[in-house]
Amino acid sequence: MDLIRDLLLKIEGGQRSFDLLTPEIAEILGEGDAGKMPREQAELIENHLALLDDAGLITIQAKLSGAVWQIGQITWAGHDFLDTIRDPAIWRETKARAKQAGGFSIDLLKALAKGLIKKKIEQHTGVELDL
């Protein structure tokens, strides 16, 4: 889940391209392998970008040469999820509580983070929110 959050933050920050070229693919394409990422790391990022797309949190614009992923945008749902987990303290607490529960999904993480944010707002403002 940390990688999901990191990818969303990078995309929000303007990164729209992920170069997942491995030394193996670089060799096939006749390119040098300097600066290329290990296959396991490329596959991990590729799988997580696909998960973000499947969950409706981002759109994939294109997959070029099997190694470069072009991101279209973060969806409304993606922004909503990212806004609930943006704060590092809320994220740490969300992960800790989800770990105590023994399992989680993106929807459950989002609900848990929103509950923590609601509690924090109520503590700081005295205003009870009905979310």
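1. In this predicted model, Ile106 touches Met1, Ala55, Leu57 and Phe81 once residues up to four places away in sequence are set aside. Ile106 is found in helix H6, and its relative accessible area of 21% makes it partly exposed, because the buried class is reserved for values under 20%. Between Ile106 and Ala96, which are 10 residues apart in sequence, the C-alpha to C-alpha separation in space is 15 Å.

2. The contact of Ile106 with Phe81 belongs to a meeting of two helices, in which Asp80, Phe81, Asp83, Thr84 and Ile85 of H4 face Ile106, Leu109, Lys110, Ala113, Lys114 and Ile117 of H6. Sorted by class, the residues of this contact comprise 6 nonpolar, 1 polar and 4 charged. As for geometry, the axes of H4 and H6 come within 8 Å and cross at roughly 50°, and the two helices are therefore oblique to each other. The crossing of H4 and H6 is a left-handed one.

3. Helix H4, which spans residues 76–85, also packs with helix H1, residues 2–12, and here the angle is about 115° while the axes lie 11 Å apart. H1 and H4 are therefore roughly perpendicular to each other, and H1 passes H4 in a crossing that is left-handed. On the H1 side the contact is made by Ile4, Arg5, Leu8, Leu9 and Glu12, and on the H4 side by His79, Phe81, Leu82 and Ile85. By class, the contact of H1 with H4 holds 6 nonpolar, 1 polar and 2 charged residues. A reader following H4 through the model may note that Phe81 and Ile85 are listed in its contact with H1, and that Phe81 and Ile85 are listed in its contact with H6 as well.

4. The largest nonpolar core has 25 residues, and those touching the most other members are Phe18, Leu20, Leu49, Leu52 and Ile58. Two or more residues of this core come from each of H1, helix H3 (39–54), strand E3 (68–74), H4, helix H5 (88–101) and helix H6 (106–125). The helices discussed above, H1, H4 and H6, are thus among the elements listed as contributors to the core.

5. Phe18, one of the core residues that touch the most other members, can be examined on its own. Leaving aside neighbours within four places in sequence, Phe18 is in contact with Leu7, Lys10, Ile11, Leu49, Ala67, Val68, Trp69 and Ile71. Among these partners is Leu49, which is itself named with Phe18 among the core residues touching the most other members.

Key:
Residues are numbered from 1 along each chain as its sequence is written. This is a predicted model: local features need pLDDT of at least 70, side-chain atom pairs count only at pLDDT 80 or more; totals for chains, interfaces and linings use all residues. Side-chain values use heavy atoms; hydrogens and water are left out. Axes are lines fitted to C-alpha atoms, for helices over the stretch in contact, and angles run from 0 to 180 degrees between N-to-C directions. Helices (H or I, at least four residues) and strands (E, at least two) are DSSP runs, numbered from the N terminus. Angles under 35 degrees count as roughly parallel, over 145 as roughly antiparallel, 65 to 115 as roughly perpendicular and the rest as oblique. A crossing is left-handed if the near helix is turned anticlockwise from the far one by less than a right angle, and right-handed if clockwise. Contact means heavy atoms within 4.5 Å. Ala, Val, Leu, Ile, Met, Phe, Trp, Tyr, Cys and Pro count as nonpolar, Asp, Glu, Lys and Arg as charged, and the others, Gly among them, as polar. A nonpolar core is a set of buried Ala, Val, Leu, Ile, Met, Phe, Trp, Tyr and Cys residues joined through side-chain atoms within 4.5 Å. Buried means under 20% relative accessible area, exposed over 50%, partly exposed in between (1.4 Å probe, protein chains only).
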